[in-house]
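Open your viewer and get ready to click along. This tour tells you what to select at each stop and what you will find there.

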Amino acid sequence: MDKKPLYNGVLYKHSDLTEQIIGAFYAVYSALGYGFLEDVYVKALVIELKKRGLIPNTEQPIEVYYAEQLIGKYYADIVVNDLVIVELKAVKTLVAEHEAQLLNYLKATPYEVGLLLNFGPKPETKRRSFDNNRKEWFVAKNNL
């Protein structure tokens, strides 16, 4: 039986894209299962996303500023179609720190939607969003 809710509208920003990414995640998880290093899953997911006609970019830089000075540089695992940050984990279970990492990536970038995907003993997915109109740096930069 299909478990999809019965609705015709878009519930979330980029929901069609995030559904495609999550579908690719489950395809990779079904093929590889649990136990590989995160890098293996990143490479496999990139292949699967490309097969589905999506555009994944790996190791996208995320720069963090304070008082207009660069104080840190991180890298998102994958950014899909220049719209969604995808952070992969290969841990026993997701914890609050993993979600905080994704939210901080969203706060520091113009991206508004992120997925946290865990290739653990049980597959886990979390979707988070942070609208640009709530980002002080973004509002100031774009004179909103």
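We begin with the whole chain, then move to one helix, its aromatic neighbours and a patch on the surface.

**Before you click**

This is a predicted model, in which local features need pLDDT of at least 70, side-chain atom pairs count only at pLDDT 80 or more, and totals for chains, interfaces and linings use all residues. Residues are numbered from 1 along each chain as its sequence is written, and side-chain values use heavy atoms, with hydrogens and water left out.

**Stop 1: the whole protein**

Show the cartoon: there are four helices and five strands, in the order α-α-β-β-β-α-β-β-α along the sequence. Helices (H or I, at least four residues) and strands (E, at least two) are DSSP runs, numbered from the N terminus. Now switch on the surface, which exposes about 9000 Å², with carbon and sulfur atoms supplying 54% of it. Accessible areas come from the Shrake-Rupley method with a 1.4 Å probe, and for residues only the protein chains shown count as cover. Of the 144 residues, 37% are buried. Buried means under 20% relative accessible area, exposed over 50%, and partly exposed in between (1.4 Å probe, protein chains only). Contact means heavy atoms within 4.5 Å; among contacts between residues at least 6 apart in sequence, 55% join residues at least 24 apart.

**Stop 2: helix α1**

Select residues 15-32, which make up α1. Its 18 residues reach 25 Å from the first C-alpha to the last, close to the 26 Å expected at 1.5 Å a residue. That expected span is 1.5 Å times one less than the number of residues. Which residues of α1 are buried? Colour Ser15, Leu17, Thr18, Ile21, Ala24, Phe25, Val28 and Tyr29 to see them. Their cover includes α2 (38-51), β2, β3 (84-89), β4 and β5 (123-129). Just after the helix comes Gly33, with a positive phi near 70°.

**Stop 3: aromatic rings**

The structure holds seven aromatic pairs. Rings of Phe, Tyr and Trp (its six-membered ring) pair if their centres lie within 6.5 Å; planes under 30 degrees apart count as stacked, over 60 as edge-to-face and the rest as tilted. Pick Phe25 and Phe119, an edge-to-face pair at 4.7 Å centre to centre and 65° between the planes. Phe25 lies in α1 and Phe119 in β4 (residues 113-119), so this pair ties together parts 94 residues apart in sequence. Both Phe25 and Phe119 are buried.

Next, select Tyr74 and Tyr105, a tilted pair at 6.3 Å and 40°. Tyr74 is in β2 (residues 69-80) and Tyr105 in α3 (residues 96-108), so the pair links parts 31 residues apart in sequence. Tyr74 is partly exposed at 44% relative accessible area, whereas Tyr105 is buried at 7%.

Finally, show Phe25, Tyr26, Tyr29, Phe36, Tyr41 and Phe119 together: they form one aromatic cluster.

**Stop 4: Leu32 and the surface patch**

Is Leu32 buried or partly exposed? At 30% relative accessibility, Leu32 counts as partly exposed. Leaving aside residues up to four places away in sequence, Leu32 touches Val40, Tyr41 and Ala44. Draw a distance between the C-alpha atoms of Leu32 and Ala44: these residues are 12 apart along the chain, and the distance is 8.9 Å.

Now add Phe36, Leu37 and Val40 to Leu32 for a nonpolar surface patch with about 360 Å² of accessible area together. Patches are made of residues with over 30% relative accessible area and no salt bridge (a side-chain nitrogen of Lys or Arg within 4 Å of a carboxyl oxygen of Asp or Glu). Like charges are joined within 9 Å, and nonpolar side chains (Val, Leu, Ile, Met, Phe, Trp, Tyr) within 5 Å.
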